[in-house]
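User: I am new to this structure and should be grateful for a close look at a single part of it. Please describe that part first and then relate it to the rest of the chain.

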Amino acid sequence: MNHYETVFISTPILSNDEYTRTVKKYTDFLKENGGEVLHQEDWGIKQLAYPIQKKTTGFYTLIEFKLDTQLIRKLETEFKRDQNIMRFLTTKFDKHAADYSVKRREKKAGTKKEEV
């Protein structure tokens, strides 16, 4: 399994329940296909740099996960078919990016150990 991160933008017309179901759909997809969700962040509604589908805002979500490489295409197909998703970007982490991600999460959680 490789380490990945996906950021996707959901349409801003979703209710909170619809947005929660949309995010859960993808975390469930990862778990059902043998993946492991390492971290998830909801960045909230943000202004887009340019209109997408005539919308100027969107809900940003980040999911960090481990998944077999063969299943990434299946995940991206799910994003493309979902009308609630306006854009997505999946990146594969190398060793350094994965280490940085762990440090960033620890710092954000306030659990970073002091270095001697």
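Analyst: On one side of helix 3, the residues Lys95, His96, Tyr100, Lys103 and Lys107 are exposed. They lie on the other side from the buried residues of this helix, which are Ala98, Ser101 and Arg105. These three cover an arc of only 55° around the axis, which places them on the same side of helix 3. The model is a predicted one, and every value given here is computed from it.

What do the buried residues of helix 3 pack against? Their partners are strand 1, strand 2 and strand 3.

The length of helix 3 can be checked as well. The helix comprises 15 residues, from 95 to 109. The expected span is 1.5 Å times one less than the number of residues, so helix 3 should span 21 Å, and its end C-alpha atoms are indeed 21 Å apart, which agrees.

Both ends of the helix have a feature to note. At the N-terminal end, Asp94 acts as a cap, with a side-chain oxygen 3.2 Å from the backbone nitrogen of His96. After the helix comes Gly110, which has a positive phi near 75°.

The strands that helix 3 packs against are themselves paired. Strand 1 and strand 3 run antiparallel and are joined by nine bridges; in this pairing, Glu5 stands opposite Glu64 of strand 3. Strand 2, residues 36-52, also pairs with strand 3, residues 55-67, in the antiparallel sense, here over eleven bridges. Along this second pairing, Glu41 stands opposite Leu62 in strand 3, and Gly44 faces Tyr60 in strand 3. Strand 2 and strand 3 form a hairpin with two residues between the strands, and in this hairpin Gln53 adopts a positive phi near 55°.

Aromatic side chains provide a further link between strand 1 and strand 3. The structure contains seven aromatic pairs. One of them joins Tyr4 and Phe65, whose rings are stacked at 5.8 Å centre to centre with 25° between the planes. Tyr4 belongs to strand 1, residues 2-10, and Phe65 to strand 3, so this pair ties together parts that are 61 residues apart in sequence. Both Tyr4 and Phe65 are buried.

Phe79 and Phe88 form another stacked pair, with 5.0 Å between the centres and 20° between the planes. Are these two rings buried or partly exposed? Phe79 counts as buried because its relative accessibility is 3%, below the 20% limit for that class. Phe88 has a relative accessible area of 25% and is therefore partly exposed. Together with Phe8 and Tyr26, these two residues make up one aromatic cluster.

The whole chain gives the setting for helix 3. It has three helices and four strands, which follow one another along the sequence in the pattern β-α-β-β-α-β-α. Buried residues make up 36% of the 116 residues in the chain. Among contacts with a separation of 6 or more, 74% are between residues 24 or more positions apart. Along its principal axes, the C-alpha trace spans about 50 × 30 × 25 Å.

Methods. Residues numbered from 1 in each chain as written. Predicted model: local features only at pLDDT ≥ 70, side-chain atom pairs only at ≥ 80, totals over all residues. Heavy atoms only, no water. Pairing = 2+ DSSP bridges. Phe/Tyr/Trp six-rings, centres within 6.5 Å; stacked < 30°, edge-to-face > 60°. Buried < 20%, exposed > 50% of the residue type's maximum accessible area, 1.4 Å probe, protein only. Arc of directions from axis to C-beta. Contact = heavy atoms within 4.5 Å. Polar contact = N/O pair within 3.5 Å; in protein donor to acceptor, adjacent residues only side chain to side chain.
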